[in-house]
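Q: I should like to learn how the features of a protein model are read. May we work through one together?

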Amino acid sequence: KQRDSRNHKQSGDSTECVAEEASLILDEMAHRLQLSTVRFFVFTLSKAFKRLFRSVCVNEEGIQRLQQAVQEHPVVLLPSHRSYMDFLMMSYLLYMYDLPLPVIAAGMDFMSMKFVGEMLRMSGAFFIRRSFGGDKLYWAVFSEYVKTMLRNGYAPIEFFLEGTRSRTCKSLTPKTGLLNIVMEPFFKGELFDVNLVPVSISYERILEESLYARELLGIPKPKESTSGLLKARRVLSEDYGSMYVYFGHPVSVRSLTEGKITRSQYNLLPRCIPQKPSADTHEFLNDAAFRLVRIQEENMVLKPWVLIATLLLQNPDGMDLSSLAEQTDWLRHLALAFGAYLDWPDHEACSEVISCSLALHRHLLSVSAGHVQLSVTDAPQVESTPEEAVFHQAVVVLSCASYRNQILHVFLRPALLAVAMQSANSNRKDDVYNCFNFLRNMFSNEFILCPGDSVQDFEEACYLLMKRGVLQVLEHEIVMSASGHSTLAFLSSVLDPFLQGYQVVSRYLCEETNENLTEKEFIPAVRNFALKLILAGRLKCYEALSSDLQKNALAAFLRLKAVRKVKVTYQVNFEGLVL
Amino acid sequence: MEENGSLFLSSSSSSAQQRLRIIAGHLQKRPEDENASVAAQECKAEAPRSEPSSATPVPRRRQEIMKWNGWGYSDSRFLFNKKGQAEFTGKRYRLSGLILPSLKDWFEGTFGANLQHRSPATPSLNLSAVAPPNLNQPFVEDLKAAGLTVSHDPEDRVFRAHGHCLHEVFALREGRIGRVPDTVVWPSCHSDVEKIVELACEHNVCLIPYGGGTSVSSALECPREESRSIVSLDTSQMSRILWIDEKNLTAHVEAGIIGQDLERQLNERGFCTGHEPDSMEFSSLGGWVATRASGMKKNIYGNIEDLVVHIKMVTPRGVIEKSCLGPRMSTGPDIHHFILGSEGTLGVVTEVTLKIRPIPEYQKYGSVVFPNFQQGVACLREVARQRCAPASIRLMDNEQFQFGEFCFFLILLSFFCFDPQHLCVATLLFEGDRGKVLQHEKQVYDIAAKFGGLAAGEDNGQRGYMLTFVIAYLRDLGMDYYVIGESFETSVPWDRVLDLCRNVKERIVRECKERGVQFPPLSTSRVTQTYDAGACVYFYFAFNYRGLSDPVHVYEQVEHAAREEILANGGSLSHHHGVGKLRKEWMKESVSGVGLGMLKSVKEYVDPQNIFGNRNLL
């Protein structure tokens with residue numbers, strides 16, 4: 001493991017110095033997988049899981065595929081990341097199914113948790129710093145560490161493509177660094193192939209639900225600490241419904257790279273010398289990462305509540321139970337037609353299913369006289385300021401949105417088309433496409449949209465809507481069918497919160513900023529701006545308060561060159577906006 | 001006049017002495033220090049050499065002693081006799097006349113082949129399948145006027161239309177004949193070649209030089225797009241050693257001589273070149289030069305580029321040669337390197353001055369068994385690091401070991417500590433004076449011991465080398481029973497040897513599966529040469545093609561994929577087989593656009609009319 005340190009002499013340092021530093025890094029990073037610790041974890045976790053969840057559902061044919069894959073080539077597990085539970089559950093499941101236990105790339109912040117950090121280490125976690133951009137030695141040690149484990153077939157490597165837990169339950173734009181590291185042994189011929197196994201983990205109710213909402217609203221994430229975890233014991237007494245783990249088909253790196261990567265580009269350097277990925281490789285990695293996240297999304301098991309949450313968010317004033325039932329049923333069929341992986345209980349009346357879901361999520365709802373509404377249930381006794389009231393409501397809305405977000409990937413493409421049709425100047429296909437493409441481009445920080453797939457996405461959207469009888473796609477025109485109105489209206493209101501949110505951000509940048517807005521000030525300033533609009537009754541969309549949306553909007557504006565970032569002083573200057 | 005066990009002549013000095021007496025008269029005709037120009041003049045005088053001399057063992061009508069649709073001599077072949085036992089016919093080899101009882105089990109077990117399922121070859125050449133020659137009459141007449149031997153016989157022409165690629169031999173066995181040369185001409189000396197090339201330029205015909213015909217790169221295939229008359233220039237009659245210079249240890253030899261004759265004749269004078277490619281029974285000196293050949297004993301004697309001191313080549317522009325025999329020159333890029341590996345695209349190599357060495361006093365074979373291939377490669381690497389490689393050191397992987405095992409009782413399973421599914425064997429050949437050989441041997445075995453290697457005896461080593469020469473015959477046997485296969489090679493840096501072997505073998509297995517091959521293929525590798533910075537790796541690949549409609553196409557696709565895998569894993573396009581037409585598509589990738597352009601511009605200058613139009617390499 002330490003062999004690489006020799007190769008990375010930084011100028012000025014003696015070899016011993018570097019070697020020592022490298023071994024310190026390794027000490028900090030390395031896992032110490034011990035079966036006894038794992039057994040202890042399994043014992044406690046099975047208790048905890050039994051209390052938390054009604055059931056944990058696993059696709060067993062996926063487990064069988066994984067068993068096969070592990071025997072063929074080294075395996076990399078790529079679970080989605082929505083909760084701390086994710087990797088605990090992964091290791092637990094693999095243990096229970098008698099599969100090799102993975103070693104897991106975990107964020108450094110866990111390590112600072114007393115005792116727990118060490119426990120995690122002994123159950124297979126290795127720790128990486130959140131940022132080490134400039135530290136070449138760190139990067140070298142880290143990548144060699146991961147590659148050595150992979151090459152030796154020591155254990156499956158597990159890491160999160162999204163890099164961190166998604167606070168919104170939307171998949172995050174994937175990171176490519178670790179993906180490159182696990183693919184490199186294949187690129188360099190050290191392995192015949194590597195199997196990537198995307199794993200989709202979904203929760204009927206997420207443990208960190210309100211925690212995430214608060215964090216998005218600006219209440220900072222508490223530092224990981226053991227006492228925090230102890231306080232979290234409270235969560236043990238609540239019902240979190242079911243949990244779903246879907247092991248996807250293994251994706252062979254070899255077949256993924258076919259025709260895209262010239263492996264001979266690695267012929268001219270000794271293989272122990274780290275090489276920055278070439279532009280081609282980088283593009284490939286990015287593309288592959290997006291595709292893997294898409295697979296995660298597609299395999300995500302969705303519960304009926306996700307549909308209900310979508311409808312409740314579109315009707316802030318609430319709905320009658322009967323019309324909720326009717327619309328949920330309609331939406332269920334739409335979602336199924338669009339390929340959603342919906343776990344709808346068979347042989348149960350729609351109303352039954354709905355009341356079950358409402359019961360599980362009662363803390364977000366008020367139900368009275370057959371009328372359901374999203375509302376604050378555990379409102380503080382003390383009179384609060386109007387600002388506080390807005391925030392309380394926003395927590396509910398954002399919590400609810402995190403469920404709707406789980407199904408966004410199903411509706412996204414048709415929804416973009418629906419909005420494009422509304423805003424395009426004509427019905428001409430190329431006008432609609434241009435509009436679609438613009439929106440797609442705009443939202444590519446917000447949603448998982450594979451770069452370069454614009455035409456494909458457009459065609460997919462057209463196809464789906466045509467199949468539903470919503471649209472007719474003629475040679476040069478796209479025409480709405482008579483019966484298509486309600487579907488299009490629904491679809492465009494799916495994107496509505498995002499459109500509104502981006503408008504708020506752009507209005508803020510246009511109207512409020514002086515020339516020297518620093519990046520740090522941006523989020524609180526936009527939040528205040530949105531808050532004022534809401535208090536003044538000029539904005540109904542609470543999701544505009546989400547820091548995630550605000551960051552994504554800024555990133556999109558930067559990318560579209562509507563806003564310029566001045567590096568030296570870390571200021572953001574705006575130049576004029578497209579929206 | 002062939003001799004039994006001619007492959008290992010150097011080890012049997014008594015028969016060499018006998019030979020010496022027989023040939024003595026012939027050699028005495030030539031004065032010791034005769035120079036090249038004298039030889040050339042003498043050529044005319046001696047032109048119609050009709051005497052049946054052992055110095056010209058390759059007859060013009062090669063088909064009289066060699067198979068027209070398979071490897072090697074007509075009298076030597078593997079077959080399964082009525083009892084279902086394998087035997088090797090003829091008298092030429094050590095294996096000849098022997099019964100190999102366990103070959104059947106290995107053959108059936110490895111390939112899923114069955115002796116009931118035969119795929120026999122067309123028994124004889126169907127002359128009507130050969131297109132009539134497209135003759136350039138004035139050219140032919142001028143050739144005849146110049147006193148050259150010319151033939152339009154279909155058998156002669158078909159014999160020179162192919163090398164030994166699988167697809168070439170497979171087509172012949174099925175009786176399919178493609179484009180063949182229209183004329184065959186046999187020059188008997190350098191000036192004959194000059195005359196032929198001059199006439200070819202004058203009459204604009206296409207010349208394809210033909211040496212031993214052992215190409216495995218489609219180099220001898222007549223280009224389909226060639227509309228001119230194609231003339232095969234067979235160098236086999238230019239096979240004399242013109243002089244031997246004992247002071248400088250060089251010999252000046254006509255380029256048509258084949259390996260075993262060159263070595264035997266030099267042996268009779270107490271010398272050797274030490275150049276022993278696996279094809280040395282049939283391949284010619286000119287062919288070695290034109291493909292950058294490599295011999296198994298290169299560790300002592302060097303590869304062909306290390307052996308040549310002087311080359312004479314006839315090109316359409318005239319004769320290219322250096323003006324002296326200095327051992328090294330700084331006169332710009334070495335012009336020899338335009339000739340070495342030119343694959344018949346620039347001209348005909350007619351005479352070569354080669355380094356020679358006294359026959360080594362002592363030769364000793366050896367073998368080492370390793371617990372696994374990794375350990376074996378590590379040992380070879382260490383041997384290379386210490387620069388103490390024996391004349392030859394080769395490492396076979398487990399699959400090949402299992403093949404070797406069937407043939408001869410390697411009493412190795414007594415090494416019960418080794419897993420027979422993993423162990424592999426290295427064969428060794430030491431040469432030199434006795435004391436040094438023994439010392440050297442100890443050094444190598446000591447290194448091997450560090451990698452878990454156990455010495456496994458001289459006999460096993462010697463058998464290992466013998467197998468090399470009969471393996472090509474084995475392919476013909478396979479083809480009688482629905483099994484096709486071939487070998488291909490590469491060179492690769494040391495650190496990638498294991499990865500490359502594993503990946504290519506696995507790629508072959510996978511590609512076969514994907515292309516509908518019904519039986520698991522034989523996919524094996526061996527390390528056959530060591531260098532300071534890397535090794536030469538050989539792959540043997542064969543499969544049972546029952547159930548496939550176009551087996552050769554499947555074979556070619558798999559070999560193509562395997563080559564891509566080799567290149568992707570840092571291997572070279574070829575270590576010594578050359579590029580020919582088979583691997584042309586990767587030339588640009590291999591040597592860069594500029595590199596290819598350089599070669600093209602040389603071709604453009606030397607042969608603007610594309611007289612040497614075999615379309616190899618570029």
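The dialogue below goes from whole chains to single residues, helices and aromatic rings.

Q: What kind of model is this?
A: This is a predicted model.

Q: How many helices and strands does each chain have?
A: One begins with the elements of each chain. Chain A has 21 helices and 16 strands. In chain B there are 19 helices and 21 strands.

Q: How much of each chain is buried?
A: A residue counts as buried when its relative accessible area is under 20%. In chain A, 55% of the 579 residues are buried. For chain B, buried residues make up 60% of the 618 residues.

Q: What share of the contacts joins residues at least 24 apart in sequence?
A: One takes the contacts with a separation of 6 or more and asks how many of them span 24 or more positions. In chain A this share is 75%. In chain B it is 77%.

Q: How is a single residue read, and is A:V245 buried or exposed?
A: One asks where the residue lies, how accessible it is and what it touches. A:V245 belongs to strand β7 (residues 242-247) of chain A. Its relative accessible area is 2%, so A:V245 is buried, the cut-off being under 20%. Beyond its neighbours within four places in sequence, A:V245 has contacts that include A:C57, A:V58, A:M89 and A:L93. A:S200 is also in contact with A:V245. The C-alpha atoms of A:V245 and A:S200 are separated by 5.8 Å, although the two residues are 45 residues apart along the chain.

Q: Where is A:S123, and what does it contact?
A: A:S123 is placed in the loop between α6 (116-122) and β4 (125-128) of chain A. Its relative accessibility is 13%, so A:S123 also counts as buried. Setting aside neighbours within four places in sequence, A:S123 is in contact with A:L33, A:T37, A:V38, A:F41 and A:P102.

Q: Why does A:E144 count as buried?
A: A:E144 counts as buried because its relative accessibility is 6%, and the cut-off is under 20%. The residue is found in helix α7 (residues 136-151) of chain A. Between the C-alpha atoms of A:E144 and A:I181 the separation is 8.4 Å, while along the chain they are 37 residues apart.

Q: How many residues of helix α6 (residues 166-173) of chain B are buried, and what covers them?
A: For a whole helix, one counts its buried residues and then looks for the elements around them. Helix α6 of chain B is mostly covered, with 8 of its 8 residues buried. Among them are B:H167, B:E168, B:F170 and B:R173. The covering elements include α5 (154-159), α16 (458-480), β19 (483-493) and α18 (551-568) of chain B. After α6(B) comes B:G175, which has a positive phi, near 80°.

Q: At what angle do helix α9 and helix α16 of chain A pack?
A: A helix pair is read from the angle and the distance of the two axes. Helix α9 (residues 209-216) and helix α16 (residues 386-423) of chain A pack at about 115°, with their axes 9 Å apart. The crossing of α9(A) and α16(A) is right-handed. From α9(A), the contact is made by A:E209, A:S210, A:A213, A:R214 and A:L216, and from α16(A) by A:V395, A:L398, A:S399 and A:Y403. These residues divide into 5 nonpolar, 2 polar and 2 charged.

Q: How is a pair of aromatic rings described?
A: Such a pair is described by the distance of the centres and the angle of the planes. The count over all chains comes to 40 aromatic pairs. One of them is the stacked pair of A:F187 and A:Y266, with 5.7 Å centre to centre and 15° between the planes. A:F187 lies in helix α8 (residues 177-187) and A:Y266 in the loop between α11 (253-257) and α12 (279-298) of chain A, so the pair ties together parts 79 residues apart in sequence. Both A:F187 and A:Y266 are buried.

Q: Why is the pair of A:F447 and A:F498 edge-to-face?
A: The planes of A:F447 and A:F498 stand at 75°, so the pair is edge-to-face, the cut-off being over 60 degrees. The ring centres are 5.0 Å apart. A:F443, A:F447, A:F498, A:Y502 and A:F557 form one aromatic cluster.

Q: Where does a charge sit over a ring in chain B?
A: The charged end of B:R160 sits over the ring of B:Y210, 5.6 Å from its centre. B:R434 lies over the face of B:Y362, at 5.0 Å from the ring centre.

Note on methods. Residues numbered from 1 in each chain as written. Chains lettered and ligands numbered in written order. Predicted model: local features only at pLDDT ≥ 70, side-chain atom pairs only at ≥ 80, totals over all residues. Heavy atoms only, no water. Axes fitted to C-alpha atoms, helices over the stretch in contact; angles between N-to-C directions. Helix = DSSP H or I, 4+ residues; strand = E, 2+ residues; numbered from the N terminus. Left-handed = near helix turned anticlockwise from the far one by under 90°. Contact = heavy atoms within 4.5 Å. Nonpolar A, V, L, I, M, F, W, Y, C, P; charged D, E, K, R; others polar. Phe/Tyr/Trp six-rings, centres within 6.5 Å; stacked < 30°, edge-to-face > 60°. Buried < 20%, exposed > 50% of the residue type's maximum accessible area, 1.4 Å probe, protein only. Lys NZ or Arg CZ within 6 Å of the ring centre and 35° of its normal.
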